[in-house]
Amino acid sequence: ATTAAGDTTAGADGCTDVDVPAAREDGGATAPKERLDPEQTYNLVFATNCGSFTVTLDLATAPATAASLVSLAKSGFYDDTIFHRIVPGFVIQGGDPTQTGAGGPGYKTVDVPPADAAYTKGVVAMAKAGNEAPGTSGSQFFVVTGDDVGLPPEYAVVGTVTSGLEVVELIGTLGDPATEQPTQPVVVESITVEEQ
């Protein structure tokens, strides 16, 4: 459920006070067999307790990853998950049902990013372990909140925030720079897929 604007339970920072949802088991999802229609535009609408933002997927750069995200979103995989890592001026990271930073859907996709991939404010890319090949993805994503964070081209670039960047920037302030942990719960209530 999305909180209506002006709800009296909203905190001073614009976020609704919520409890951390229960962690879920790792894995359990099935990789999609079909790619998305390249003639269509696919948007992911993230509803959070701090507001909503929309990500337009990049089918050219990350076709396998985009298809995976759409499949996971439609299945409710991301519902009631948290942003488990928030680094002010760098990234906000979520997509792990276990809330530990180590979980995923139970499968991997690979979309090697171009050599000139730029991780600038509003870019959405996929997190991976340091020992995984460039472009490897599970379900964990990050949204860049810094102007240009200087990451190497190793993370699949899956889209861009096209609406609600101010919500992303707000969430980006709710982290402890020392621990990279959120200072309050930021919950992804749902991700809705829009096809145009």
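I will go through two features of this structure, its disulfide and its internal cavity. Keep in mind that this is a predicted model.

Disulfide to begin with. The structure holds one. Cys15 and Cys50 are the partners, with 2.0 Å between their sulfur atoms. As for handedness, the torsion about the S-S bond of Cys15 and Cys50 comes out at about 110°, so this disulfide is right-handed. In terms of where the partners sit, Cys15 belongs to the segment before β1, while Cys50 is in the loop between β1 and β2, so the pair ties together parts that lie 35 residues apart in sequence. Is each cysteine buried or exposed? Both Cys15 and Cys50 are buried.

Now the cavity. Rolling a probe the size of a water molecule over the atoms shows where empty space is left. With a threshold of 30 Å³ or more, the count here is one cavity. The volume of the largest cavity is about 50 Å³.

Which residues line the largest cavity? From the N-terminal part of the list, they are Leu44, Phe46, Val55, Leu57 and Leu69, and then come Tyr78, Val124, Phe141, Val158 and Ile191. By class, that lining splits into ten nonpolar residues, no polar ones and no charged ones. Tyr counts as nonpolar in this scheme, so Tyr78, which is in the lining, falls in that group.

Two strands deserve a mention. β1, residues 42-48, and β2, residues 51-57, each supply at least two residues of the lining of the largest cavity. The loop between β1 and β2 is also where Cys50 lies.

That is what I have on the disulfide and the cavity.

Note on methods:
Residues are numbered from 1 along each chain as its sequence is written. This is a predicted model: local features need pLDDT of at least 70, side-chain atom pairs count only at pLDDT 80 or more; totals for chains, interfaces and linings use all residues. Side-chain values use heavy atoms; hydrogens and water are left out. On a 1 Å grid over the protein atoms alone, a cavity is a set of points where a 1.4 Å probe fits but cannot get out, and a pocket is an open set with protein on both sides within 12 Å along at least five of seven lines; lining residues have an atom within 4 Å of a point. Grid points are joined across faces, edges and corners, and a volume is the space filled by probe spheres set on the points. Helices (H or I, at least four residues) and strands (E, at least two) are DSSP runs, numbered from the N terminus. A disulfide is a pair of cysteine sulfur atoms within 2.5 Å. Buried means under 20% relative accessible area, exposed over 50%, partly exposed in between (1.4 Å probe, protein chains only).
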